[in-house]
Amino acid sequence: MLVTGGAGFIGANFVRSTLQHRPEYEIAVIDALIDPHFTRNLDDVKDSIAFRQGDVCDTAFVSALVEELGIEVIVHFAAESHNDNAYLFPSRFAHTNVMGTVSLLEVVRSTGVRLHHVSTDEVYGQLALDDTEAFTPDTPYRPRNYYSASKAGADHFVRAAWTQFQLPVTISHCSNNYGPYQHVEKFIPRTITELLVGGRPRLHGSGRHVREWIHVDDHCTAIHAILDRGRLGETYVVGSDDERDNRSIVELILELMGKPSDWVDYVPDRPSNDLRYASDASKLRTECEWMPLRTEFRKEMAGLIDWYRHNESWWWEMKTAVERRYGELGR
Ligand code: NAD
Ligand code: DAU
């Protein structure tokens, strides 16, 4: 198995859980290490995998590796993944997310390996706060920012690769993940680490935006369920049904870390911060016999706070760079 972006948050968790639970796979990772701090995410498993630093847009490099190692399946995580960064360097999103995926499809076309493409629920756009609708695999695409537009562009190529060339592809659209090794630019790690350095968390806008939160381990088992039982050419939505607004998440973390509930700064919102995402994973649950298991959010959040507390050396330098970038954005 080749895991692209395997040094990132979800990729590294996927590599670790695959080594642990699915020993029949031998794993290779390609990652461009766009943030030098990603290097350390695979430290504890580096002797059990083949790691190559490189760019998924480099079709010749990926093809050669696929041939050399006898790769049978590619799980594609590599991406520019953070919305706030799209305000600072937008074109990188089109390059990596669209062209990187097209490049992998070329590898699939020439070698016949299977590709699982990891997309996001954000491609479906935003829901109203009082809406009862949830995203299904048939929901029309309505991306509203460069991140989701670039992921949507990539998805269209993957879908077309199935219809035009009958390439062996599947796609998943997952909701917001949380867990260890998540970059501190993201909401939950930023909130926890800000409290650990004695600062105050920031809530964008009203803090009323709603996300559906899933533990990264459950996302990883969903991908394996699709690899095992998913149908080629199909799209699956992955979610936990656990919707929460940003303010209630900050309040829970404040409580677990012994701070008052108003220990928070409200900062200007991201322009086009999607109001709400919600996922209907029933197709995945039924067809692939999958369900999320790490669903006790309060307990998971307490464990995650401990993880960031005990791994300060992992995030300390990264945090300084992240806060400098947020300073430029005024949030
Ligand atoms: P991440 O930013 O932690 O990891 C992305 C990885 O891709 C990094 O290791 C980075 O170095 C690598 N990368 C970037 N450009 C590359 C290139 N050109 N070539 C090779 N490697 C490159 O992101 P993440 O949160 O782990 O997200 C992984 C994937 O899952 C992304 O495709 C994202 O769209 C998708 N996703 C994320 C979430 C979430 O909540 N984090 C939810 C749904 C889907
Ligand atoms: O829905 C899936 C998507 O979830 C993935 O595709 C993306 O890769 C992933 O980054 C995530 O996108 P979001 O933009 O939803 O996640 P983020 O953690 O950046 O922000 C979550 C919400 O929290 C959003 O409404 C903005 C808000 N926020 C964020 C930060 C960093 C704050 O209120 N304060 C903050 O400090």
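## Helix 7 and helix 9

In this predicted model, helix 7 and helix 9 touch through a defined set of residues. Helix 7 contributes Ile249, Leu252, Ile253, Glu255 and Leu256, and these meet Phe297, Arg298, Met301, Ala302 and Ile305 of helix 9. Sorted by class, the residues of this contact comprise eight nonpolar, no polar and two charged.

Helix 7 spans residues 246-256 and helix 9 spans residues 297-310; their axes come within 10 Å and cross at roughly 60°. This angle makes helix 7 oblique to helix 9, because an angle of that size falls outside the ranges that count as roughly parallel, roughly antiparallel or roughly perpendicular. The crossing of the two helices is right-handed.

## Helix 3 and helix 4

A second pair is formed by helix 3, residues 91-111, and helix 4, residues 146-165. Their axes come within 8 Å and cross at roughly 15°. Helix 3 is therefore roughly parallel to helix 4, since angles under 35 degrees count as roughly parallel. Helix 3 passes helix 4 in a right-handed crossing.

On the side of helix 3, the contact involves Phe93, Ala94, Asn97, Val98, Thr101, Val102, Leu105 and Arg109. The residues they meet in helix 4 are Tyr146, Tyr147, Ser150, Lys151, Gly153, Ala154, Phe157, Val158, Ala161 and Phe165. By class, this contact holds 12 nonpolar, four polar and two charged residues.

## The surroundings of ligand 1

Ligand 1 is surrounded by 27 residues, of which the closest are Ile10, Asp31, Ser81, Tyr147 and Lys151. Tyr147 and Lys151 also belong to the contact between helix 3 and helix 4, on the helix 4 side.

Three of the closest residues can be described through their distances to oxygen atoms of the ligand. For Ile10, a backbone N or O atom lies 2.8 Å from an oxygen atom of ligand 1. For Ser81, an N or O atom in the side chain is 2.7 Å from an oxygen atom of ligand 1. For Lys151, a polar side-chain atom lies 2.6 Å from an oxygen atom of ligand 1.

## The surroundings of ligand 2

Around ligand 2 there are 24 residues, and the closest are Thr120, Asp121, Tyr147, Arg211 and Arg270. Tyr147 is also listed among the closest residues to ligand 1.

Side chains approach oxygen atoms of ligand 2 as well. A polar side-chain atom of Arg211 lies 2.7 Å from an oxygen atom of the ligand, and a polar side-chain atom of Asn176 lies 2.7 Å from an oxygen atom of ligand 2. In the side chain of Arg270, an N or O atom is 2.6 Å from an oxygen atom of ligand 2.

Definitions and conventions
Residues are numbered from 1 along each chain as its sequence is written. Chains are lettered from A and ligands numbered from 1 in the order in which they are written. This is a predicted model: local features need pLDDT of at least 70, side-chain atom pairs count only at pLDDT 80 or more; totals for chains, interfaces and linings use all residues. Side-chain values use heavy atoms; hydrogens and water are left out. Axes are lines fitted to C-alpha atoms, for helices over the stretch in contact, and angles run from 0 to 180 degrees between N-to-C directions. Helices (H or I, at least four residues) and strands (E, at least two) are DSSP runs, numbered from the N terminus. Angles under 35 degrees count as roughly parallel, over 145 as roughly antiparallel, 65 to 115 as roughly perpendicular and the rest as oblique. A crossing is left-handed if the near helix is turned anticlockwise from the far one by less than a right angle, and right-handed if clockwise. Contact means heavy atoms within 4.5 Å. Ala, Val, Leu, Ile, Met, Phe, Trp, Tyr, Cys and Pro count as nonpolar, Asp, Glu, Lys and Arg as charged, and the others, Gly among them, as polar. A residue is near a molecule or strand if one of its heavy atoms lies within 4 Å of it. A polar contact is a pair of N or O atoms within 3.5 Å; within protein, one must be able to donate a hydrogen and the other to accept it, and residues adjacent in sequence count only if both atoms are side-chain atoms.
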